[in-house]
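Q: Let's go through the reasoning behind some structural labels. Each one should rest on a value and a cut-off.

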Amino acid sequence: MPQIMKHLIRISYDNDRERGGGELSSKGMQGEQNTQYSNLKPSLKFCVPCLFGIEGLCADELKRLGMSDVRAENGRVLFSGSENEIARANVNLRTGERVLLVAGNCNSNTFDELFEGVRAMPWEEYISDNGAFPVKGHSINSKLHSIPDCQRIVKKAVVERLRSRHKAEWIKETGAKYQIAFAIMNDTASLYIDTSGAGLHKRGYRLAGWESAPLRETLAAAMVKLSRYRGKESVCDPFCGSGTIPIEAALAAKNRAPGLSRCFTAQDWTWLGKTIWSDAIEEAKSREYTGDYDIWGGDIAPKAIELAAANAQRAGVSDCIRFDIAEAADFKRDIAGGMIIANPPYGERIMLPGEAEDIYRRFGKAIKQLDSWKMYILSSHSEFERIFGKTAVKKRKLYNGMIKCDLHMYY
Ligand SMILES: C[S@@+](CC[C@H](N)C(=O)[O-])C[C@H]1O[C@@H](n2cnc3c(N)ncnc32)[C@H](O)[C@@H]1O
């Protein structure tokens, strides 16, 4: 590799610096020296990508979990911690999309620079000698924009590093998966290893898809957080579809960790302490609350209600949610104080704009008698407030997939 750009390479070796030295043999990666190895990694760096608009909520969650150096940036939150935090973050996070272990950052003005930068990162500390390490990534606003070429360079650099450090002729890649992800932005590459596998929005309770634009679980959890629901008031979603909002509200009310019944890719990593996952699950379970919660979901489609009930059952929260086939325009309650958290149709994906407007108008009339209720309604319709007949106290910009929406907040 040409030497000419080497002096320009800037690599962050935070892990190396903080670890205080000590090379690990590939034998140690196989498990026998787990504890000793664990002690060598007091402060790993992590990055949690999240939906735009909810970075602050995700950062709050991480702070509450006791993570260090939590910093929210555009579309992601950074933090640091020990290997235990890999399990704790994956099991507990409601609003983060995945937990990435940061391998390092380097300049990436040229392929040579990218190669040298990636090769200098301590991959052998994370990837066992038979680990499989596919590479994927993206590039924004940078000279290196060909993703297949960047993938090839990153792969080659990691192979070279591992071959020399594991003293192996050939990397077999028959073992656990260490998905490498790169993000190149403004000619700087950040390199990660994904600890989650399937995105954290995949809690495991929503097996069958509801065709009417189901809300991502992480976004539903964010809406529940923004409503400041603490398990006390009645919560209603009159457009519940597959039940995502009521289920996320129930999980929040019970303080039940969303990742208790799914797997994470890092569970197969041999260098992680054997008990970190069971410890994280036990800790999460010990923090659950018990109580009587009043959560309701309604939808005009019988199929939606059937699915929502099955999903709630799978999530283990069917004891605190009632579901009914119901027309939102007939929504009535005779209790003072309660909250509506809802994601009605926008007229973009599942309905014509005129039909969505008709629903807003009729639902707006129905809730006129519920003046003391708080409402949190997500819609991308620019005229939502006018048609609904009520000006929001506050609006919060959120993205539902690629659709820019406002959470209309009434309190
Ligand atoms: C955007 S989807 C909600 C998706 C839901 N948040 C989920 O995660 O599955 C809107 C839902 O409103 C329901 N809907 C449409 N018109 C309705 C009406 N007049 N009354 C009640 N529900 C209605 C649809 O059946 C659909 O399930």
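Q: What makes helix α5 mostly covered in this predicted model?
A: In this predicted model, eight of the nine residues of α5 (residues 84–92) are buried. The buried ones are E85, I86, A87, R88, A89, N90, V91 and N92. A residue earns that label with 20 or more other C-beta atoms within 10 Å of its own.

Q: What covers the buried residues of α5?
A: The cover includes two strands, β1 (44–49) and β3 (76–81). Helix α10 (276–286) is also part of the cover. Contact here takes C-beta atoms within 7 Å.

Q: Why is L200 called buried?
A: L200 has 28 C-beta neighbours inside 10 Å. The cut-off is 20 or more. L200 therefore counts as buried, although it lies in a loop, between β7 (188–194) and α8 (217–226).

Q: Which residues is L200 in contact with, leaving aside its neighbours within four places in sequence?
A: They are N90, L93, G96, E97, R98, T218 and G259. One of them, N90, is a buried residue of α5. The C-alpha atoms of L200 and E217 are separated by 8.6 Å, with their positions 17 residues apart along the chain.

Q: How do you know that α7 has close to its expected span?
A: Helix α7 (residues 147–165) has 19 residues. At 1.5 Å a residue, 27 Å is expected from first C-alpha to last. The model gives 27 Å.

Q: Why can the buried residues of α7 be said to line one face?
A: The buried residues are C150, I153, V154, A157, V158 and L162. Seen down the helix axis, they fall within an arc of 160°, so they line one face. The general rule is 3.6 residues a turn, so residues three or four places apart point the same way.

Q: What lies on each side of α7?
A: The buried residues are covered by elements including α6 (111–119), β5 (135–140) and β6 (180–185). The face turned away carries the exposed residues P148 and S164.

Q: What makes the phi of N141 worth a look?
A: Most residues other than glycine have a negative phi. N141 is not a glycine, yet its phi is positive, near 55°. N141 is found in the loop between β5 and α7.

Q: Is N141 buried or exposed, and why?
A: N141 has 9 other C-beta atoms within 10 Å. Exposed means 12 or fewer. N141 is therefore exposed.

Q: Why is E173 called partly exposed?
A: E173 has 16 other C-beta atoms within 10 Å. That count falls between the limits of 12 and 20, so the label is partly exposed. E173 sits in the loop between α7 and β6. Its phi is positive, about 60°, although E173 is not a glycine. K167, which follows α7, also has a positive phi, near 50°.

Q: What makes up the shell around the ligand?
A: The shell has 16 nonpolar, five polar and two charged residues. In all, 23 residues surround the ligand. The closest are P214, F239, G241, T244 and A328.

Q: How do you know where the model's confidence is low?
A: pLDDT runs from 0 to 100. Over residues 1–40 it stays under 50. The chain averages 89, and 88% of the residues score at least 70.

Methods. Residues are numbered from 1 along each chain as its sequence is written. This is a predicted model: local features need pLDDT of at least 70, side-chain atom pairs count only at pLDDT 80 or more; totals for chains, interfaces and linings use all residues. Helices (H or I, at least four residues) and strands (E, at least two) are DSSP runs, numbered from the N terminus. The expected span of a helix is 1.5 Å times one less than its number of residues. The arc is that of the directions from the helix axis to the C-beta atoms. A residue is near a molecule or strand if its C-beta atom, placed from the backbone, lies within 6 Å of it. Ala, Val, Leu, Ile, Met, Phe, Trp, Tyr, Cys and Pro count as nonpolar, Asp, Glu, Lys and Arg as charged, and the others, Gly among them, as polar. pLDDT is the predictor's confidence in each residue, from 0 to 100.
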